[in-house]
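I opened this notebook to record what I looked up in the structure, entry by entry.

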Amino acid sequence: MNYDHIVIRYGELSLKGRNRKLFTTPLHKTVIRAIKDFPNARVQKKRDRMYIELNGENPEPILERCKDIFGIQSLSLAIKADNDVEKIKDSALTLLKKSNPTTFKITTKRSNKEFPLDSQQMNQVLGGHLLVHTENITVDVHNPDLEITVDIREKATYLTSEKVLGAGGLPVGSAGKTLLLLSGGIDSPVAGYLAMKRGIELEAIHFHSPPYTSERAKEKVLDLAERLAYYGTSMKVHIIPFTALQQKIHREIPHGYSMTVMRRMMMRISEEVAKKEEILSLTTGESLGQVASQTMESMHAINAVTNYPVIRPLVTMDKDEIIRISERINMYDISIRPYEDCCTVFVPKSPKTKPRLEKVEQFESAVEFEQDIEEILANIETIHITPQMKQKDEMEDLL
Ligand code: ATP
Ligand code: MG
């Protein structure tokens, strides 16, 4: 007898009472998508759990894939048995023999109150059965090598031993959508990942300045988007033709302030795209104090151009913390590819680190930008990115 199911536990979701469906429905969809490369596997959604029925599929790669899905607290391989004491005894013995412990403990949970034995009686019956059919094994209720959990439900019993930690967070799609300002750098993909962890679905916007930035810089962004999609759902990436506007800013705005104005233009254009896509927030990879555009004064002057909530998941993080996440989620190797970003190309030698809002507004109002923004909005290229389910294995092969 082999493992025939994977149990998925929701964790934080179970706190959500009547709104539970808002969370379980996107999670269910994500799990279905995640296992579509395993044609025999099926998912059953229950109130407080999901079960993947393996139907002969190898559980390990499915477990690996599901560990990355937000909204899953923990997972376990399971053996399903009929609600019959003899059958449960057999399954418990099989499970015990898989790991050869020297001590064990049985924990029965009986949510099916029709079942003839209560939890305590089941613990005794099963414990006794295992002791009789094995040698040199004892019960240790405090610190066992192996704990077998026996979950007696309405229609069947699931026996599990080890718990694998899931990604935590909330299912992507349960907390609305954000427009991620995605550069090709290290920070913004991590910001997108952390927003998704709290259940937010992503669309991305990228400012592209050919010929100052190359086709490969754009490809890099699309590769990052594809890896982000692995953790969530398929997503749109809006590519913004930014060259003409950047050149104009460079020509018309005093150099100390050109970076602030460029960032404000990014915010304005992003807000317009968000409106059109019915998205209610923007997300950036800004981290306080990292560069000239990320001082408190800069953030104030840049932020003042939009009324939209700007989510900044990295605002208080150190660069090395951000890099650690980037590596763990397999973004880092793409982020460090050496192609220029539009901001680095046009960055002035000494941008103001403490720009004053009145001055920025004054410089901006002296130049006619409306037409340029209209032009940009009419020429956006939108690319649809779908998650590559096999991506993780392929990446591991490459390492
Ligand atoms: P990142 O590593 O994300 O590029 P950074 O440390 O280089 O960030 P900045 O270049 O100041 O910092 O960018 C701050 C934020 O502005 C980025 O995290 C990103 O959200 C946004 N941004 C910068 N350049 C672009 C771009 N070309 N297209 C879209 N968003 C951008
Ligand atoms: Mg950058």
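**Overall content.** I counted 15 helices and 15 strands in the chain. The model is a predicted one, which I kept in mind throughout. I noted that the C-alpha trace spans about 90 × 45 × 40 Å along its principal axes. I then looked up burial: of the 399 residues of the chain, 53% count as buried.

**The S2-S3 hairpin.** I turned to strand S2 (residues 42-45) and strand S3 (residues 49-53), which pair in the antiparallel sense over four bridges. Three residues lie between S2 and S3, and the two strands form a hairpin. I checked one position of the pairing and found Lys 45 opposite Met 50 in S3.

**The annotated span.** I consulted UniProt, whose unreviewed entry places the feature "domain: THUMP" at residues 60-163. In the model, 35% of residues 60-163 is helix and 30% is strand. The end C-alpha atoms of that span lie 13 Å apart.

**Thr 94.** I located Thr 94 in helix H3 (residues 85-99). Is Thr 94 buried or exposed? Its relative accessibility is 19%, so Thr 94 counts as buried, the cut-off being under 20%. I also looked up a contact distant in sequence: Thr 94 and Asn 2 are 92 residues apart along the chain, and their C-alpha atoms are 8.2 Å apart in space.

**Nonpolar surface patch.** I found a nonpolar surface patch of about 230 Å², made by Leu 131, Val 139 and Val 141. Val 141 belongs to the loop between strand S6 (138-139) and strand S7 (146-152). With a relative accessible area of 48%, Val 141 is partly exposed. I set beside this the general expectation that in soluble globular proteins nonpolar side chains tend to be buried together.

**Largest nonpolar core.** Which residues touch the most other members of the largest nonpolar core? I recorded Tyr 193, Leu 228, Tyr 231 and Ile 385, out of 34 residues in this core. The elements that give two or more residues to the core are helix H5 (187-197), strand S11 (201-208), helix H6 (215-231), strand S12 (235-241), helix H10 (319-328) and strand S15 (381-385). H6 gives the most, with eight residues.

**The six-stranded sheet.** I traced an open sheet of six strands in the order S14-S13-S10-S11-S12-S15, with mixed pairing. Why is one side of S14 and of S15 left without a neighbour in the sheet? Strand S14 (310-311) and S15 stand at the edges, and each has a single partner strand, so one side of each is left without a neighbour. I then examined the pairing of S14 with strand S13 (residues 282-283), which is parallel and runs over two bridges. Thr 283 has Ile 311 in S14 as its bridge partner.

**His 255.** I placed His 255 in helix H8 (residues 255-276). His 255 counts as partly exposed, at 43% relative accessibility. I noted that the C-alpha atoms of His 255 and Pro 348 are separated by 6.0 Å, although these residues are 93 residues apart along the chain.

**Salt bridges.** How many salt bridges does the structure hold? I recorded 20. Side chains of opposite charge can pair when their charged atoms come close. I looked up three of the pairs individually.

- Asp 82 forms a salt bridge with Lys 87, with the closest N and O atoms 3.6 Å apart. Asp 82 is partly exposed, at a relative accessible area of 46%, and Lys 87 is partly exposed as well, at 42%.
- Asp 151 forms a salt bridge with Arg 153, where the closest N and O atoms are 3.2 Å apart. I found both Asp 151 and Arg 153 buried.
- Arg 356 and Glu 358 meet through their side chains in a salt bridge of 3.1 Å, N to O. Arg 356 is partly exposed at 47% relative accessibility, and Glu 358 is partly exposed at 49%.

I followed the buried pair further, and found that Asp 151 and Arg 153 are linked with Asp 48 and Arg 49 in a network of salt bridges. Arg 49 belongs to S3, the strand spanning residues 49-53, so I closed by returning to the hairpin entry above.

Terms used
Residues numbered from 1 in each chain as written. Chains lettered and ligands numbered in written order. Predicted model: local features only at pLDDT ≥ 70, side-chain atom pairs only at ≥ 80, totals over all residues. Heavy atoms only, no water. Pairing = 2+ DSSP bridges. Patch = residues over 30% accessible without salt bridge, like charges linked within 9 Å, V, L, I, M, F, W, Y side chains within 5 Å. Areas by Shrake-Rupley, 256 points an atom, 1.4 Å probe, with all protein chains shown as cover. Salt bridge = Lys/Arg side-chain N within 4 Å of Asp/Glu carboxyl O. Buried < 20%, exposed > 50% of the residue type's maximum accessible area, 1.4 Å probe, protein only. UniProt positions renumbered as here; feature names shortened; annotations may be inferred. Core = buried A, V, L, I, M, F, W, Y, C linked by side-chain atoms within 4.5 Å.
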